[in-house]
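Biologist: Hello! I am new to this structure and would love a close look at a single part of it. Could you walk me through it once we both have it in view?

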Amino acid sequence: MSTTTPRDEISTPTPREAGPTDEPLAPEDAPPPLPPTDTTLARAAMAHPISLLAPVVLFIALALFVTAERAPVYTAETRLSVGSIDVATQAIPGVVAGTQALASSYSRLVDAEEVLTPVSETVEIPAADLRDRVSGSPIPESPLFLIEATGDTEESAVELANLTSESLGAYVSGVNRVNDDTPRLLSEYRGAVAQAEKAQAALNRANDRGTPAEVQAATTNVRTFELRIEVLGDLYRQSLQGEASANQVQIINRAVTAESDAASYRQRLIFLAGLAGLVVGLILAGFAARRRRQATGPGMLARRLLRRS
């Protein structure tokens, strides 16, 4: 039986951990850093600010150039009223509701052929072209409505707005004729009032020294004239209402100045240009971040190792 001693045993080397005295790897042998795991657009924009901001600056510069080369459009406005605006007329029952409805209807007549033809002859512009430059809109819950006109210059816009308002007023007056019954009804109403006063005086005398039959006849006569006064008064008010609500279109405020759309157009275009540039910039920043990840990813590392071997 053989025995072995520790010195006879064959010692096998065990791997030891690299200590501080070990020789470090060369920089070219070190693996590249892993790509970032955060791939959101916000991180891409922060990592590539030039790609993000360059389209924004370019688009805004183009917008400023376009606004500088564009001729502004001027808009003038007139304000019109349907019917009389005095307190007596507005107090007639039904007038307010009627004038509000008519204001909405008349505002839609602005581009009618009968309205634009006289204007076209004055400004020497075809009526078809004027139809795109004028518009009307009612003011809610009021007998007022607006007429707006556009032009290449402030003077042309003001002139077109005023001429269109005048032409519309003339057209409405021609369509809605004055009610000839109004003066007649007023005359008959005044006559009935005078006759009722005489009948009342006769009734007073009959009450003092008349017979019962005379008192009865005088009373009947007074009531007859009172009824006639009431009927004529209602007819007269209806006639006035028809005239007040359908006969007149008055210009309350004529156009004096026109407003340019240069500032509002510039602001709107710059906002849209900045928004479009931001979208393009985010897309470019995302592509740049993607290319950077591909350049530092495992696939590129494998290709580098193959080239070194």
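Biologist: To start with, which side chains meet in a salt bridge at 4.0 Å, N to O? Please take your time over that pair, and then show me what lies beyond.

Modeller: Happy to! Please keep in mind that this is a predicted model. The pair you are asking about is Arg228 and Glu188, whose side chains meet in a salt bridge with an N to O distance of 4.0 Å. This pair links distant parts of the chain, as Arg228 lies in helix H9 (residues 212–246), Glu188 lies in helix H8, and the two are 40 residues apart. A bit of background may help here: side chains of opposite charge can pair when their charged atoms come close. In this case the distance sits right at the limit, because a salt bridge is counted when the nitrogen is within 4 Å of a carboxyl oxygen.

Are these two partners buried or exposed? Arg228 has a relative accessible area of 41%, so it is partly exposed. Glu188 has 28% relative accessibility, and therefore it counts as partly exposed too.

Now let us stay with helix H8, which covers residues 181–209 and also holds Gly191. Gly191 is partly exposed because its relative accessible area is 30%. From C-alpha to C-alpha, Gly191 is 9.0 Å from Ile229 in space, while 38 residues separate them in sequence. Ser187 is another residue to look for in helix H8. With 49% relative accessibility, Ser187 counts as partly exposed, which keeps it under the 50% above which a residue would be called exposed. The C-alpha atoms of Ser187 and Tyr236 are separated by 9.9 Å, although the two residues are 49 apart along the chain.

With that pair in mind, we can look at other salt bridges, since the structure holds four of them. One of them joins Arg70 to Asp261, with the closest N and O atoms 2.7 Å apart. This pair also links distant parts of the chain: Arg70 sits in the loop between helix H2 (49–69) and strand S1 (74–82), Asp261 sits in the loop between strand S5 (258–260) and H10, and their positions lie 191 residues apart in the numbering. Arg70 has 26% relative accessibility, so it counts as partly exposed.

Another salt bridge brings together the side chains of Arg254 and Glu166, at 2.6 Å from N to O. Here the link runs from the loop between strand S4 (249–253) and S5, where Arg254 is placed, to helix H7, where Glu166 is placed, and the two are 88 residues apart. Arg254 counts as partly exposed because its relative accessibility is 43%, and Glu166 counts as partly exposed because its relative accessibility is 38%.

Helix H7 leads us on to a helix crossing. In general, two packed helices are described by the angle between their axes and the distance between the axes. For helix H5 (residues 113–123) and helix H7 (residues 154–175), the axes come within 8 Å and cross at roughly 135°. H5 and H7 are therefore oblique to each other, and their crossing is right-handed.

While we are at helix H5, please find Glu114, which belongs to this helix. Glu114 is partly exposed, because its relative accessible area is 48%. In space, Glu114 and Ala127 are 9.9 Å apart from C-alpha to C-alpha, and in sequence they are 13 residues apart.

Just as useful for learning your way around are two loop residues. Most residues other than glycine have a negative phi. Glu124, however, has a positive phi near 60°, and its place is in the loop between H5 and helix H6 (127–130). With 71% relative accessibility, Glu124 counts as exposed. Glu141 is not a glycine either, yet its phi is positive at about 55°. You will find Glu141 in the loop between strand S2 (134–138) and strand S3 (144–151), and it is exposed because its relative accessible area is 75%.

Last stop: helix H10 (residues 262–295), where Leu284 is found. Leu284 is partly exposed, since its relative accessible area is 40%. Together with Val279, Val280, Ile283 and Phe287, Leu284 makes a nonpolar surface patch of about 420 Å².

Note on methods
Residues are numbered from 1 along each chain as its sequence is written. This is a predicted model: local features need pLDDT of at least 70, side-chain atom pairs count only at pLDDT 80 or more; totals for chains, interfaces and linings use all residues. Side-chain values use heavy atoms; hydrogens and water are left out. Patches are made of residues with over 30% relative accessible area and no salt bridge: like charges are joined within 9 Å, nonpolar side chains (Val, Leu, Ile, Met, Phe, Trp, Tyr) within 5 Å. Accessible areas come from the Shrake-Rupley method with a 1.4 Å probe; for residues, only the protein chains shown count as cover. Helices (H or I, at least four residues) and strands (E, at least two) are DSSP runs, numbered from the N terminus. Buried means under 20% relative accessible area, exposed over 50%, partly exposed in between (1.4 Å probe, protein chains only). Axes are lines fitted to C-alpha atoms, for helices over the stretch in contact, and angles run from 0 to 180 degrees between N-to-C directions. Angles under 35 degrees count as roughly parallel, over 145 as roughly antiparallel, 65 to 115 as roughly perpendicular and the rest as oblique. A crossing is left-handed if the near helix is turned anticlockwise from the far one by less than a right angle, and right-handed if clockwise.
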